[in-house]
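Trainee: Could you take me through this model and show me how each label is earned?
Mentor: Sure, pull up the structure and ask away.

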Amino acid sequence: MSHDAPIPASLALDGLAGDARNAFDLAAEMHYRGIAFATNHPELTPDQLGQTARRHLKTLLTTKRLEIDTIRIAVPKGSLTDPATIDRTLDNAQKAFLLARDLGVKTVSLNVGNLTDNKVPHSTMIAAIRQLAQHADAAGLTMSLSGGLANPLRSVLKEVDYDRAMAHLDTGMTLAAEEDILVAAEALVGVIGQVTAADVIRAGKTVRSTFLGEGQLPLHELLEILEDQGFRGPLVVDVRDLPDGVAGARHAAHVLHELLQT
């Protein structure tokens, strides 16, 4: 892969301060294939993006040769595992599905909450996820779910039993939970619909975010496992927790160019 070829990865905009257009320019400059953003992005919320704005956004990104690979559904803490937040999460998800459909996005991601500390009846949570999976499927979307450790997530996906309800492997969250990322990837074989790449350094109970490739994420080994599994993305670079998101985005682009070049 030449350094002018697009990286088969997307840059999440949520950790980049300033105007969204500057973030688009950065993604294009560093040859990311696309972008990703959350539904609470200051300039890209479903409520702010009317139909005219949605058409303009698609046109603008096309001129920069960028795609929107995935949209993250912003949810309150607790998400679908807390009775105080489950209804708001469902509402947020529905708005995200409509936005994704209008923008031609094929994947949405949702953190369902901590599956090992569920405060709602298990059957209620499964019914809520199944309802969302049905709506996502009707909109032609893949819904990638995260929720803590790999095995509980796999069990939930099996109960939901929708082909387009898949797993979102968030490396930063996985490492922070002290789970072996390579073991998690193997446990979720066949059901990984999205990977978010974020690196951390963990020392005891302290977790510090760092540039991709400079922490405890075995990125090369993970990419090899994903390739063996036939994973086709989206692969998202997340710089939200870095003190300098722009520098992190540039560094990640260089790292991925080297790892993914053929």
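What follows is a short back-and-forth about a few residues, a core and a pocket.

Mentor: Keep in mind that this is a predicted model.

Trainee: Okay. Why is D238 called buried?
Mentor: Buried means under 20% relative accessible area. D238 has 14%, so D238 counts as buried. You'll find D238 in the loop between β10 (235-237) and α9 (245-260).

Trainee: What makes the pairing of D238 and R240 a polar contact?
Mentor: The cut-off is an N or O pair within 3.5 Å. The side chains of D238 and R240 are joined at 2.7 Å, so the pair passes. Leaving aside neighbours within four places in sequence, D238 also contacts A12, T196, A197 and A198.

Trainee: And R240, where does that residue sit relative to the centre of the largest pocket?
Mentor: R240 is one of the residues that lie nearest the centre, along with R72, N111, D170 and M173. The lining has 50 residues in total, and the space inside is about 770 Å³. By class, the lining splits into 21 nonpolar, 18 polar and 11 charged residues.

Trainee: How do you know whether E179 is buried or exposed?
Mentor: Use that 20% limit again: E179 has a relative accessible area of 17%, so E179 is buried. E179 is in the loop between α6 (171-176) and α7 (181-187).

Trainee: What does the side chain of E179 have a polar atom 3.2 Å from?
Mentor: The backbone nitrogen of A150. With the limit at 3.5 Å, that distance of 3.2 Å fits within it. Not counting residues within four places in sequence, the contacts of E179 are G148, L149, A150, T174 and A184.

Trainee: Why is A93 called buried?
Mentor: A93 has a relative accessible area of 0%, and the label needs under 20%, so A93 is buried. A93 is found in helix α3 and, leaving out residues up to four places away in sequence, touches I73 and L132. From A93 to S109 is 16 residues along the chain, with 9.3 Å between the C-alpha atoms.

Trainee: Which helix gives the largest nonpolar core its largest share?
Mentor: The core has 83 residues, and Y32 and L80 have the most contacts inside it. Helix α3 (residues 86-103) supplies the largest share, eight residues.

Trainee: What does Y32 touch?
Mentor: Beyond residues up to four places away in sequence, Y32 touches several residues, among them I7, L11, L66, V237 and A253.

Terms used:
Residues numbered from 1 in each chain as written. Predicted model: local features only at pLDDT ≥ 70, side-chain atom pairs only at ≥ 80, totals over all residues. Heavy atoms only, no water. 1 Å grid on protein atoms, 1.4 Å probe; cavity = no way out; pocket = protein on both sides within 12 Å on 5 of 7 lines; lining within 4 Å. Points joined across faces, edges and corners; volume = space filled by probe spheres on them. Nonpolar A, V, L, I, M, F, W, Y, C, P; charged D, E, K, R; others polar. Core = buried A, V, L, I, M, F, W, Y, C linked by side-chain atoms within 4.5 Å. Buried < 20%, exposed > 50% of the residue type's maximum accessible area, 1.4 Å probe, protein only. Helix = DSSP H or I, 4+ residues; strand = E, 2+ residues; numbered from the N terminus. Contact = heavy atoms within 4.5 Å. Polar contact = N/O pair within 3.5 Å; in protein donor to acceptor, adjacent residues only side chain to side chain.
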